[in-house]
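Colleague: I would like to go through this model feature by feature. Please give the general idea each time, and then the case at hand.

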Amino acid sequence: MDTLLTTANLALRTVFAHHHASRASPASEIVDASLSNAEKREASALMRVNHVGEICAQALYTAQALATNNDSLRMHLQAACKEETDHLAWTEERLKELGGRTSLLNPLWYAGAFGIGFVAAKLGGDAMSLGFVVETERQVEAHLQSHMKSLPENDHASRAIVAQMKADEMRHAQEAQAAGAVELPAPIKGLMRAAARVMTAVAHRV
Ligand SMILES: [Fe+2]
Ligand SMILES: [Fe+2]
């Protein structure tokens, strides 16, 4: 019961509360370049997609931590989740600066990612659960790399945030690998990519 209440509390806080980063934003030292309204709109759409990605990361890690009986794996997942909170706070802050907003569908994204994470961890076991982390982080990293190209040329603040997130996600994948992840079957990877494409296309607008 305690665990369920803690999980519900985490879910509500992730979706509805304001987040505090434990590290300063990579954009904090950057003087804002002037962006046109169209550039701000485009940067906002991309940063909203990244924010949704971080909502999903919180949901996945929380679900996987709930699903495992292995204490050291749970601690590993909770530590990674804490670092993802920085990403959530940084993207949230940048969205505000750009005059954008977070996705209206965040409760839905959270619930979907939580369900997938929980089922994957329960069905696949710990090594598969870690494999799921590796694949998720790799896909997010590739996605962030594409944003380094598609963000407006002058949006140095968003770029600095995306670059740091990308480095962190790469490390999360390496850490999960070192903790004993197994490689996921190709069809599962394909399904994950397809789900990510839907999420990206929708969150770009809503
Ligand atoms: Fe992240
Ligand atoms: Fe990550």
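Colleague: What spacing do the donors of the iron ion (ligand 1) follow along the chain?

Modeller: Some conventions come before that. This is a predicted model, where local features need pLDDT of at least 70, side-chain atom pairs count only at pLDDT 80 or more, and totals for chains, interfaces and linings use all residues. Residues are numbered from 1 along each chain as its sequence is written, chains are lettered from A and ligands numbered from 1 in the order in which they are written, and side-chain values use heavy atoms, with hydrogens and water left out. Donors are N, O and S atoms within 2.8 Å of the metal (3.2 Å for Na, K and Ca); water is not among the atoms, so sites may look incomplete. Here the spacing is E-x29-E-x2-H-x81-E.

Colleague: Which residues coordinate the iron ion (ligand 1)?

Modeller: Glu54 appears twice through OE, and Glu84 (OE), His87 (ND1) and Glu169 (OE) complete the list, at 1.9 to 2.3 Å. Helices are DSSP runs (H or I, at least four residues; strands are E, at least two), numbered from the N terminus. Because His87 sits in helix α3 (residues 71-97) and Glu169 in helix α5 (residues 156-178), this pair ties together parts that are 82 residues apart in sequence.

Colleague: Are His87 and Glu169 buried or exposed?

Modeller: The classes rest on relative accessible area: buried is under 20%, exposed is over 50%, and partly exposed is in between (1.4 Å probe, protein chains only). His87 is buried at 0%, and Glu169 is buried at 1%.

Colleague: What are the protein donors of the iron ion (ligand 2)?

Modeller: They are Glu84 (OE), Glu137 (OE, listed twice), Glu169 (OE) and His172 (ND1), lying 1.8 to 2.3 Å from the ion. Along the chain their spacing is E-x52-E-x31-E-x2-H. Glu84 is in helix α3 and Glu169 in helix α5, so that pair ties together parts 85 residues apart in sequence. Glu84 counts as buried, with 1% relative accessibility.

Colleague: How far apart are the iron ion (ligand 1) and the iron ion (ligand 2), and which residue coordinates both?

Modeller: The separation is 3.8 Å, and Glu84 coordinates both ions.

Colleague: How many salt bridges does a search of the whole structure find?

Modeller: In general, side chains of opposite charge can pair when their charged atoms come close. The criterion for a salt bridge is a side-chain nitrogen of Lys or Arg within 4 Å of a carboxyl oxygen of Asp or Glu. The search finds 11. One of them joins Arg23 and Asp168, with the closest N and O atoms 2.9 Å apart. That pair links distant parts of the chain, 145 residues apart: Arg23 is in the loop between α1 (2-16) and α2 (37-67), and Asp168 is in helix α5. Arg23 is partly exposed at 28%, whereas Asp168 is buried at 2%.

Colleague: Which residues are linked with Arg23 and Asp168 in a network of salt bridges?

Modeller: Glu83, Asp86, Arg171 and Glu175 belong to that network with them.

Colleague: Where does Glu135 lie, and where does Arg193 lie?

Modeller: These two form a salt bridge: the closest N and O atoms of Glu135 and Arg193 are 3.9 Å apart. Glu135 is in helix α4 (residues 106-150) and Arg193 in helix α6 (residues 186-203), so the contact ties together parts 58 residues apart in sequence. Glu135 is buried at 7%, while Arg193 is partly exposed at 42%.
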